[in-house]
Amino acid sequence: DALGNNALLSHLSVADNASYLVDSNVPAAAVYSLPEATDTYLNTSEIADGTSISVTLPAESEAGDTVNISIKKQGGSTETVSHTVLLAEVGGTANIAIPANKFSGDAKYDISVSVTDLAGNIGTSSTVTTITLDTVAAATPSAFTVTDDIGTSTGALTSGATTDDNLPTLSGTVEANGKVRIYDNAVFVKEVTALANGSWSYTFE
């Protein structure tokens, strides 16, 4: 030590013929997708049984590595979901479910993923995906109108009226940026997104 005292390292303090692997390589960033949030929104049914996240593991990943999923509520706390990489997942994809209790109410959440290897090296964090949790049921659409814009008689149609317009225009008002699904005799036709003021319209094609 600094005072000149000598220390004797006994062979008993180190295992005979022991070998150690020094690993200082930082895992590459993982790539992931959120199949239920391709529109950047999650609703009640999508989180109820766990929100699926599909993580493509770095090429150098090994069984026993840890996938860390960060769920940060904007303006709030951060939750983490950890998953131990299985042998069958190495070189492929890990499909993980984010439990519903990791989301604390309607808000925007920033999702990111990183991988920690067996040596404890924390990998580069992935890109951040911002999703919005919205569990409040949409209000009933209002001001729904069917408009005839062909022929001698045009304008808004009343319920039960006849029209010579085979491709009428539908319009109305819903919540801001709400999605409106249109059906014709129970057959799905189109989904349109309302404007920031809630107005929407669709003309049959």
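A residue is termed buried when its relative accessible area is under 20%, exposed when that area is over 50%, and partly exposed in between. Glutamate 191, at 36% relative accessibility, therefore counts as partly exposed. The same terms are applied below to other residues of this structure, which is a predicted model.

The protein chain has 205 residues, of which 30% count as buried. Its secondary structure comes to 1 helix and 14 strands. Among the contacts in the chain with a separation of 6 or more, 56% are accounted for by residues 24 or more positions apart.

The charged side chains offer a first way into the structure. In general, side chains of opposite charge can pair when their charged atoms come close. The structure holds 2 salt bridges. One of them joins glutamate 191 to arginine 181, with the closest N and O atoms 3.2 Å apart. Because glutamate 191 belongs to strand E13 and arginine 181 to strand E12, this pair ties together parts that are 10 residues apart in sequence. Arginine 181 has a relative accessible area of 46% and is therefore partly exposed.

The side chains of lysine 102 and glutamate 79 also meet in a salt bridge, at 3.6 Å from N to O. Here the pair links distant parts of the chain: lysine 102 is in the loop between E6 and E7, glutamate 79 is in strand E5 (residues 78-84), and the two are 23 residues apart. Glutamate 79 is at 30% relative accessibility, so it counts as partly exposed.

Lysine 73 presents another situation. This residue is placed in strand E4, which covers residues 66-73. Lysine 73 is buried yet has no salt bridge. What is the nearest side chain of opposite charge to lysine 73, and how far away is it? The side chain in question is that of aspartate 106, 8.5 Å away. A salt bridge requires a side-chain nitrogen of Lys or Arg within 4 Å of a carboxyl oxygen of Asp or Glu, and the 8.5 Å between lysine 73 and aspartate 106 does not satisfy that limit. Neighbours within four places in sequence aside, lysine 73 is in contact with Ser104, Ala107, Lys108 and Tyr109.

Aspartate 106 itself is found in the loop between strand E6 (93-98) and strand E7 (107-116). Its relative accessibility is 35%, so aspartate 106 counts as partly exposed. If neighbours within four places in sequence are again left aside, aspartate 106 contacts Leu133, Asp134, Thr135 and Val136. For aspartate 134, the separation from aspartate 106 is 28 residues in sequence and 5.3 Å in space, C-alpha to C-alpha.

Aspartate 134 also leads to the largest pocket, since it is named among the residues that lie nearest the centre of that pocket, together with Ala138, Glu175, Gly178 and Lys179. The volume of the largest pocket is about 590 Å³, and 23 residues line it. Two or more lining residues come from each of strand E2 (41-42), helix H1 (44-48), strand E12 (179-184) and strand E13 (187-193). The largest share of the lining, 3 residues, comes from E12.

Aromatic residues give a further view of the structure, which holds 4 aromatic pairs. The rings of tyrosine 183 and phenylalanine 188 have centres 5.6 Å apart and planes at 65°, so this pair is edge-to-face. Both residues are partly exposed: tyrosine 183 has a relative accessible area of 45%, and phenylalanine 188 one of 39%. In the pair formed by tyrosine 202 and phenylalanine 204, the ring centres are 5.5 Å apart and the planes stand at 70°, so this pair is edge-to-face as well. Tyrosine 202 and phenylalanine 204 are both buried.

Leucine 170 touches both members of that buried pair. This leucine is found in strand E11, residues 169-173. With a relative accessibility of 8%, leucine 170 counts as buried. The C-alpha atoms of leucine 170 and tyrosine 202 are separated by 5.2 Å, although the two residues are 32 residues apart along the chain. Residues up to four places away in sequence not being counted, leucine 170 also touches Phe144, Thr145, Val146, Ile182, Trp200 and Ser201.

Notes: Residues are numbered from 1 along each chain as its sequence is written. This is a predicted model: local features need pLDDT of at least 70, side-chain atom pairs count only at pLDDT 80 or more; totals for chains, interfaces and linings use all residues. Side-chain values use heavy atoms; hydrogens and water are left out. Helices (H or I, at least four residues) and strands (E, at least two) are DSSP runs, numbered from the N terminus. Buried means under 20% relative accessible area, exposed over 50%, partly exposed in between (1.4 Å probe, protein chains only). Lys and Arg count as positive and Asp and Glu as negative; His and the chain ends are not counted. Contact means heavy atoms within 4.5 Å. Rings of Phe, Tyr and Trp (its six-membered ring) pair if their centres lie within 6.5 Å; planes under 30 degrees apart count as stacked, over 60 as edge-to-face and the rest as tilted. On a 1 Å grid over the protein atoms alone, a cavity is a set of points where a 1.4 Å probe fits but cannot get out, and a pocket is an open set with protein on both sides within 12 Å along at least five of seven lines; lining residues have an atom within 4 Å of a point. Grid points are joined across faces, edges and corners, and a volume is the space filled by probe spheres set on the points.
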